[in-house]
Amino acid sequence: MKIDLEARSQEKFGRPLAELDNPTICTMLEDLVREHAAVMPLNDGKRRLYYLSAEFLIGRLLTNNLLELGIYDDVKSQLAAAGHDLGAVEECEVEPSLGNGGLGRLAACFLDSIATLGLPGDGIGLNWHYGLFHQKFIDLQQAAEPDTWLDRQDWLVKDEKFYTVQFGGFSVKSCLYDIDVLGYQRTTKNRLRLFDLESVDDSLVPPNSIDFDKTAIKKNLTLFLYPDDSDDAGRLLRVYQEYFMVSNAAQLIIDEAQERGSNLHDLPDYAVVHINDTHPSMVIPELIRLLVDEHSFDFDEAVSIVKNMVAYTNHTILAEALEKWPLKSLQTVSPRIAEIIEKLDELEKKEYGDNPDVAIIRDGAVHMAHMAIHYGFSINGVAALHTKILEDTELHPFYEMYPEKFSNKTNGITFRRWIMDCNPALSSVLDDVIGTDWRTTCDLTGLMAYKDDDSVLQRLDDAKDKAKISMRDFIWKNQGVHIPEDAIIDVQVKRIHEYKRQQMLALYIIWKYLDIKNGNIPPHPITIIFGGKAAPAYTIAQDIIHLILMLSRWIAADPVVSPHLQVIMIENYNVSAAERVIPAADISEQISLASKEASGTSNMKFMLNGAVTLCTLDGANVEIADLVGDGNIYTFGTSSKEVEHLYAENAYHAHDYYEKPGIKLLVDFITNPSFMALGNAGRLQRLHDDMANKDWFMALLDIEEYIQKKELVLRDFEDRESWLKKSLVNIAQAGDFSSDRTIRQYNKDIWHL
Ligand SMILES: *Cc1c(COP(=O)(O)O)cnc(C)c1O
């Protein structure tokens, strides 16, 4: 593709490129990409994949698209010749706020890989006007504000398609926006298709608050992803949102299949629907409804058609995250869908008997996952351990009924974004050492041959330094905090949740603070970086953020400790922040309570960028440990088997651990009088009491071993050569976690595109 930015600048703005400012150049480049993508044909094939997800955490798109079109270097040098820096231009793009965490980011990596492999498959979701929320820190606490990304975005293209969605008692009209999804070095594309509500009303949302009228369904459906569901109105709104999403999706799927020649009796030959967790699971009854009510199909035939075309990915075993909606709510949102679900429940009971463990409707509640397993053809977990737990315990009765439906698909990450875009220094070292094939094959194992090559190790070290400079610059600009040049960078970035155990790292920080106070000065300064949002209704998670921000402030104000220990919490952690901080990390913290993290994907991003992992044997950490081998990872903590046993027997008593003097000292630090005086005493007291008496995710169980392991990691970091070898092995073994591998497996075993 040939481009001439100078000519374009003259044509569009009547001015030389040199005179344009960065935001103007950014818009110009976005337009250029969009125009180019607009004329690319879609990936073609009889059977098309529809990947349904409540979230798509796609990140900024400019860099990625320039790279995928193969014009990144050309654009960069043309800009440089006119005195501009592409890096600074990229910073002008606002990040779309269409997702929340790992599940949404997975969907985004998958779209990239599906397009890169040239498979016909679109994402379908909703166009969230204000995202999850924009996180701010005010008085050392999280404040949630609407994320106004939509006002400043430049990628959505309005499609002519629109549908009517019938709710109980009223209907709404939808509209559709597309974002083109380009693959790496491809001339064909896919799309991310985002439905919106035609009658949506942004003015329901006040400027600095995420409170709005949850009952104004005709105006609010696409305002926020995951609105507060701690009250009935919030829960009902979520059901409305989900039905709105899948009704549009199902209508679109049937339309497109007919356009491509389906008579609908053969619908599964034309469409496979993948549901990312259960939020889109009502697509099952909705497809049945359309076939029966709009196309006069016999109910049984409609059921058997749909059974052959929907596949489901389970993302969690946390009971509170497995969706159950009151049948009454479904009856309000769509009486017809509720009726169909009742029929599906009856059919299932007729066939398999009235076993409450596998019932779709139980005690007046609809179990969405159960519906998806009975009436889909495939269910998969997202890491080997997770799938095994599903099969052996959480979903065991289903596994006995339908062993052939179960499979594992270990998550992956796209190498385009998570190394090529975000870590140019490391990418070019890899090009020089093992050649450029890895950019398409994602095979980095050739690097293993250089494990003992000092010059290669030195170059990896230099690349890490460059990434650290860029990260330090980012933190300085965004938060006005200076990170020492020689600091060890220790990172835990992910949603704030008790099972992920940010509170355990906070206890380590307290331990280290006291240790330094006692005169044990570490050889290098240590910078511990957190980032992540907490659900506004999740009180303990908010308390954990407060504790982290307190420790950050407290330690920064201590003249003895602050030169050696620093705590930073990134505000509004998102993909753009991840792209800066992950390449710079030395230590990757993956310390969830074993059995609770389904897979994790940031663990894979860190590994690929040469961080060494400190982890429990949970999720995909188990597979990382197998790949890199003993000396190249640090594992600790109670095993998932033992954890499951403790829960089953009710055998974990936090207070017994709290009473150990070494642990009590750390937990009680949270409520020491001067600390309480500085912060929000209510939050600190509540967190303290929860940890000392409940500690549902067993941070106190693993804290001693965690401290020991972390001290070992810090000691080992000082042996540069041996550390760099570990780093090299981690990079070399990361190829298995390319989402291209994951998508090939989905296609081979499930989609058959
Ligand atoms: C990868 C990613 C996640 C997922 O992180 P986990 O540690 O796997 O939970 C969340 N948020 C962002 C912005 C990410 O890039």
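**Contacts and surface features of the predicted model**

Ala-115 lies in helix α6 of this structure, which is a predicted model. With a relative accessibility of 0%, Ala-115 counts as buried. Ala-115 and Tyr-240 are separated by 125 residues in sequence, and their C-alpha atoms lie 31 Å apart in space.

Aromatic contacts were examined next. A search of the whole structure yields 23 aromatic pairs. One of them joins Tyr-51 and Phe-110, whose ring centres are 5.9 Å apart and whose planes stand at 75 degrees, an edge-to-face arrangement. This pair links distant parts of the chain, since Tyr-51 belongs to strand β1 (residues 48–52) and Phe-110 to helix α6 (residues 102–116), 59 residues apart. Tyr-51 and Phe-110 are both buried. A further pair is formed by Tyr-508 and Tyr-706: the ring centres are 6.1 Å apart and the planes meet at 65 degrees, so the pair is edge-to-face; the angle that this class requires is over 60 degrees. Because Tyr-508 is located in helix α21 (residues 502–517) and Tyr-706 in helix α31 (residues 699–717), this contact ties together parts of the chain that are 198 residues apart in sequence. Tyr-508 and Tyr-706 are likewise both buried. In addition, Tyr-51 and Phe-110 belong to one aromatic cluster with Tyr-746 and Trp-751.

Charged side chains were considered in the same manner. Across the whole structure, 48 salt bridges are found. In one of these, Lys-161 is paired with Glu-259, and the closest N and O atoms are 3.6 Å apart. Lys-161 is placed in the loop between β5 (157–159) and β6 (164–167), whereas Glu-259 is in helix α8 (residues 232–259), so the salt bridge ties together parts that are 98 residues apart in sequence. Glu-259 counts as exposed because its relative accessibility is 57%, and the cut-off for this class is over 50%.

A salt bridge also connects the side chains of Lys-214 and Asp-228, with an N to O distance of 3.8 Å. Lys-214 is in the loop between β8 (189–197) and α7 (217–220), and Asp-228 is in the loop between α7 and α8; the two residues are 14 residues apart. The partners fall into separate accessibility classes: Lys-214 counts as buried, at 15% relative accessibility, whereas Asp-228 is partly exposed, with a relative accessible area of 33%.

In a further salt bridge, the side chains of Glu-579 and Arg-417 meet at 2.7 Å, N to O. Glu-579 lies in helix α23 (residues 575–584) and Arg-417 in helix α17 (residues 415–421), so this pair ties together parts that are 162 residues apart in sequence. Here Glu-579 is buried, with a relative accessible area of 15%, and Arg-417 counts as buried at 4% relative accessibility. Salt bridges also form a network, which links Arg-48, Asp-122, Asp-159, Asp-178, Arg-191, Arg-193 and Glu-256.

A negative patch is present on the surface, where Asp-462, Asp-465, Glu-485 and Asp-486 come together. Of these patch residues, Asp-462 is placed in helix α20 (residues 454–479). Asp-462 counts as partly exposed because its relative accessibility is 37%.

Backbone geometry was considered last. Most residues other than glycine have a negative phi. Asp-139, in contrast, has a positive phi near 50 degrees although the residue is not glycine. Asp-139 is found in the loop between β3 (134–138) and β4 (141–145). With a relative accessible area of 64%, Asp-139 is exposed. Leu-140 is not a glycine either, yet its phi is positive at about 60 degrees. Leu-140 too is placed in the loop between β3 and β4. In its accessibility, however, Leu-140 is buried, with a relative accessible area of 14%, a value that falls in this class because buried means under 20%.

Key. Residues numbered from 1 in each chain as written. Predicted model: local features only at pLDDT ≥ 70, side-chain atom pairs only at ≥ 80, totals over all residues. Heavy atoms only, no water. Patch = residues over 30% accessible without salt bridge, like charges linked within 9 Å, V, L, I, M, F, W, Y side chains within 5 Å. Areas by Shrake-Rupley, 256 points an atom, 1.4 Å probe, with all protein chains shown as cover. Salt bridge = Lys/Arg side-chain N within 4 Å of Asp/Glu carboxyl O. Lys, Arg positive; Asp, Glu negative; His and termini not counted. Charge placed at Lys NZ, Arg CZ, Asp CG, Glu CD. Helix = DSSP H or I, 4+ residues; strand = E, 2+ residues; numbered from the N terminus. Buried < 20%, exposed > 50% of the residue type's maximum accessible area, 1.4 Å probe, protein only. Phe/Tyr/Trp six-rings, centres within 6.5 Å; stacked < 30°, edge-to-face > 60°.
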